[in-house]
Amino acid sequence: MGAMFLDYEGEAVSIVSPLFSRYDMQVIGAYEGIFLDRLRPICSNLALGAPERFAITCADAVLLNWVLKDGYYLVLVLSRGAPQARAWHRLTACRELLIKELS
């Protein structure tokens with residue numbers, strides 16, 4: 001349903017979505033950044049280490065968030081029934097390429 005590459009401020013560097021408008025995807029991406037920012041101190045306070053990835057399951061969609069480096073992150077918006085394992089696998093390849101480009 002859509003994919004985004006975002007910077008440390010939650011601003012979209014790149015967005016692809018055949019279903020949602022660019023604005024809707026930007027809103028989703030910005031909120032994913034807020035959720036990530038909220039997770040960091042929780043994980044730190046519990047001595048869990050920095051969050052690397054997380055999923056949010058909604059009634060009709062699943063949001064996958066994967067941290068890159070230097071504050072960048074990826075967000076993938078899937079329909080609720082989409083295979084998450086396959087999506088995480090594909091995101092792994094994208095993440096590795098983007099991390100190389102960011103270095």
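**Figure 1. Ile15, a buried residue of strand 2.** At 17% relative accessibility, Ile15 counts as buried, and in this predicted model the residue belongs to strand 2. Once residues up to four places away in sequence are set aside, Ile15 touches Ala3, Met4, Arg22, Met25 and Gln26. The view may also take in Leu76, which is 61 residues from Ile15 in sequence, while the two C-alpha atoms are 10.0 Å apart in space.

**Figure 2. The chain as a whole, as a setting for the close-up views.** The secondary structure comes to 2 helices and 5 strands, and these follow one another along the sequence in the pattern β-β-α-β-β-β-α. The radius of gyration is 13 Å, close to the 13 Å that the globule rule gives for 103 residues, so the chain is as compact as a globular protein of that length. Along its principal axes, the C-alpha trace spans about 40 × 30 × 25 Å. Of the 103 residues in the chain, 33% are buried, and the accessible surface comes to about 6,500 Å², with 56% of that surface belonging to carbon and sulfur atoms. Among contacts with a separation of 6 or more, 43% are made by residues 24 or more positions apart.

**Figure 3. The largest nonpolar core and the surroundings of Val75.** The largest nonpolar core has 13 residues, and those with the most contacts inside it are Met4, Leu6, Met25, Ile28, Val75 and Val77. Two or more residues are given to this core by each of strand 1, strand 2, helix 1 (22-45), strand 4 and strand 5. Val75, taken here as one of the residues with the most contacts inside this core, is in contact with Gly2, Ala3, Met4, Leu6, Ile28, Glu32, Leu64 and Asn65, when its neighbours within four places in sequence are left aside. A second core, separate from this one, has 11 residues, and Phe5, Leu64, Leu76 and Trp88 are included in it.

**Figure 4. The stacked rings of Phe5 and Tyr72.** The count of aromatic pairs in the model comes to 3. One of them is formed by Phe5 and Tyr72, whose rings are stacked, with 5.4 Å from centre to centre and 20 degrees between the planes. Phe5 lies in strand 1 (residues 2-6) and Tyr72 in the loop between strand 4 (61-67) and strand 5 (73-79), so the pair ties together parts that are 67 residues apart in sequence. The two partners are covered as follows: Phe5, at 13% relative accessibility, counts as buried, whereas Tyr72, at 23% relative accessibility, counts as partly exposed.

**Figure 5. Trp66, Trp88 and the charged end of Arg53.** The ring centres of Trp66 and Trp88 are 5.4 Å apart and their planes stand at 75 degrees, so this pair is edge-to-face. Trp66 belongs to strand 4 and Trp88 to helix 2 (residues 84-102), and the pair thereby links distant parts of the chain, 22 residues apart. Both Trp66 and Trp88 are buried. Arg53 joins the view on both rings: Arg53 lies over the face of Trp66, at 5.1 Å from the ring centre, and the charged end of Arg53 also sits over the ring of Trp88, 4.2 Å from its centre.

**Figure 6. Gly10, a buried residue in a loop.** Gly10 has its place in the loop between strand 1 and strand 2 (12-16), and at 9% relative accessibility Gly10 counts as buried. Apart from its neighbours within four places in sequence, Gly10 is in contact with Gly29, Ala30 and Tyr73. Ala87 lies 77 residues away along the chain, and the C-alpha atoms of Gly10 and Ala87 are separated by 21 Å.

**Figure 7. Ala47 and Asp70, two loop residues with positive phi.** Ala47 is found in the loop between helix 1 and strand 3 (53-57), and although Ala47 is not a glycine, its phi is positive, at about 55 degrees. At 70% relative accessibility, Ala47 counts as exposed. Asp70 lies in the loop between strand 4 and strand 5, and Asp70, which is not a glycine either, has a positive phi of about 55 degrees. At 55% relative accessibility, Asp70 counts as exposed.

Definitions and conventions: Residues numbered from 1 in each chain as written. Predicted model: local features only at pLDDT ≥ 70, side-chain atom pairs only at ≥ 80, totals over all residues. Heavy atoms only, no water. Phe/Tyr/Trp six-rings, centres within 6.5 Å; stacked < 30°, edge-to-face > 60°. Helix = DSSP H or I, 4+ residues; strand = E, 2+ residues; numbered from the N terminus. Buried < 20%, exposed > 50% of the residue type's maximum accessible area, 1.4 Å probe, protein only. Lys NZ or Arg CZ within 6 Å of the ring centre and 35° of its normal. Contact = heavy atoms within 4.5 Å. Core = buried A, V, L, I, M, F, W, Y, C linked by side-chain atoms within 4.5 Å. Rg over C-alpha atoms; globule rule 2.2 N^0.38 Å. Areas by Shrake-Rupley, 256 points an atom, 1.4 Å probe, with all protein chains shown as cover.
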